[in-house]
Number of protein chains: 2
Amino acid sequence: MDLVKQLDEHVGSRAEKFYKTTLFRSDALMLGVNCLEPGQVQKPHDHADQDKFYYVVAGNGRFQLADQYITAGAGAVVWAPAGVIHGVENIGDGRLTLLMGIAPAP
Amino acid sequence: MDLVKQLDEHVGSRAEKFYKTTLFRSDALMLGVNCLEPGQVQKPHDHADQDKFYYVVAGNGRFQLADQYITAGAGAVVWAPAGVIHGVENIGDGRLTLLMGIAPAP
């Protein structure tokens with residue numbers, strides 16, 4: 001297995017829904033990339049037993065965390081603990097690229 | 001708890017050893033920042049039961065993964081599965097800033 005991957009070689013887009021791909025996966029952690037084109041949304045949801053983070057690589061997102069809405073751009077780290085409803089909308093003009101991790105892996 | 005943090009507000013340096021700080025922590029995952037000044041090293045080590053990743057935010061590092069040495073810059077995602085000896089040296093001219101995660105948390 002290649003243990004080093006360049007994130008920008010794993011970005012992509014879909015017209016109908018935001019793009020997601022997995023970079024690495026173990027029982028303890030799944031690491032992936034989520035890409036949202038302008039206006040695309042990851043609908044609010046929660047993971048009962050898994051903690052999740054997003055790192056904003058590029059773009060601007062409006063994140064929902066429980067009943068809070070927070071706009072975050074490049075360099076932001078967003079933490080969605082188990083049970084906390086979370087989602088994100090791309091409110092920028094360009095692609096919103098997120099490194100994300102879920103622990104334990106789904 | 002503040003669920004969104006700006007990574008660049010959590011960078012730092014120490015003269016004697018690389019800098020590290022924790023951003024978020026649960027039983028399943030610890031997320032933090034590691035900063036290495038030019039020439040600083042994180043000595044090779046392993047975690048028997050924990051998977052680890054680094055995301056290179058800025059700078060250039062020479063990563064050891066088992067018996068491989070890989071130079072990686074901004075945008076690289078490095079995966080060190082449980083039991084794999086890993087370490088990194090800042091071989092660049094500026095600070096090497098890494099987002100890192102360990103799952104489960106140590």
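In which loop of chain B does Ala66(B) lie? The answer is the loop between β6 and β7 of chain B. The model discussed here is predicted, and the description below moves from the fold of one chain to the sheet, the contact between the chains, and the backbone at a few individual residues.

Chain A contains zero helices and 10 strands. Read along the sequence, its pattern is accordingly β-β-β-β-β-β-β-β-β-β. The C-alpha trace of chain A spans about 35 × 30 × 25 Å along its principal axes. A compact globule of 106 residues would have a radius of gyration near 13 Å, and the 13 Å found for chain A agrees with this. Of the 106 residues of chain A, 42% count as buried. Among the contacts in chain A with a separation of 6 or more, 65% are between residues 24 or more positions apart.

Strands from both chains take part in one open sheet. This sheet has six strands in the order β2(A)-β3(A)-β10(A)-β5(A)-β8(A)-β1(B), and the pairing is antiparallel. The edges are formed by β2 (19–25) of chain A and β1 (4–6) of chain B; each has a single partner strand, so one side of each is left without a neighbour in the sheet. From one strand to the next, the twist averages 20°. In general, the strands of a sheet pair through backbone hydrogen bonds, either parallel or antiparallel.

One pairing within this sheet is that of strand β3 (residues 30–36) of chain A with strand β10 (residues 96–103) of chain A. These two strands run antiparallel and are joined by seven bridges. Within the pair, Met30(A) stands opposite Ile102(A) of β10(A). A pairing between chains is found for β1(A), which is joined to strand β8 (residues 76–80) of chain B in the antiparallel sense over three bridges. Here Val4(A) has Val78(B) in β8(B) as its bridge partner.

The two chains were then compared by superposition. A turn of 180° with a shift of 0.0 Å along the axis lays chain A on chain B with an RMSD of 0.0 Å. The two copies are thus related as by a two-fold rotation axis. The same surface serves both copies, as 100% of the contact residues of chain A recur in chain B.

At the contact between the chains, 30 residues of chain A meet 30 residues of chain B. On the side of chain A that touches chain B, two or more residues are given by each of β1 (4–6), β2, β5 (51–58), β6 (61–65), β7 (68–72), β8 (76–80) and β10 of chain A. The largest share of this side, four residues, comes from β8(A). By type, the residues on the side of chain A that touches chain B divide into 22 nonpolar, five polar and three charged.

A hairpin is formed in chain B by strand β6 (residues 60–65) and strand β7 (residues 68–73), which pair in the antiparallel sense over six bridges. Asn60(B) has Gly73(B) in β7(B) as its bridge partner. Two residues lie between the strands of this hairpin, and Ala66(B) takes a positive phi near 55° there.

Some backbone angles call for separate mention. Most residues other than glycine have a negative phi, and most peptide bonds are trans. Ala66(A) is not a glycine, yet its phi is positive, at about 55°. Its place is in the loop between β6 and β7 of chain A. A residue counts as partly exposed if the number of other C-beta atoms within 10 Å falls between the limits of 12 or fewer for exposed and 20 or more for buried. Ala66(A) has 14 such atoms, and is therefore partly exposed. Ala66(B) likewise has 14 other C-beta atoms within 10 Å, so Ala66(B) is partly exposed.

Cis peptide bonds occur in both chains. One joins Ala103(A) and Pro104(A), with an omega of about -10°. Pro104(A) is placed in the segment after β10 of chain A. In chain B, a cis peptide bond joins Ala103(B) and Pro104(B), again with an omega of about -10°. Pro104(B) is placed in the segment after β10 (96–103) of chain B.

Terms used. Residues are numbered from 1 along each chain as its sequence is written. Chains are lettered from A and ligands numbered from 1 in the order in which they are written. This is a predicted model: local features need pLDDT of at least 70, side-chain atom pairs count only at pLDDT 80 or more; totals for chains, interfaces and linings use all residues. Two strands pair if DSSP finds at least two bridges between them. Axes are lines fitted to C-alpha atoms, for helices over the stretch in contact, and angles run from 0 to 180 degrees between N-to-C directions. Copies are superposed by least squares on the C-alpha atoms of residues with pLDDT of at least 70 in both. Two residues are in contact if their C-beta atoms, placed from the backbone, lie within 7 Å. Ala, Val, Leu, Ile, Met, Phe, Trp, Tyr, Cys and Pro count as nonpolar, Asp, Glu, Lys and Arg as charged, and the others, Gly among them, as polar. The radius of gyration is taken over C-alpha atoms; the globule rule is 2.2 Å times the number of residues to the power 0.38.
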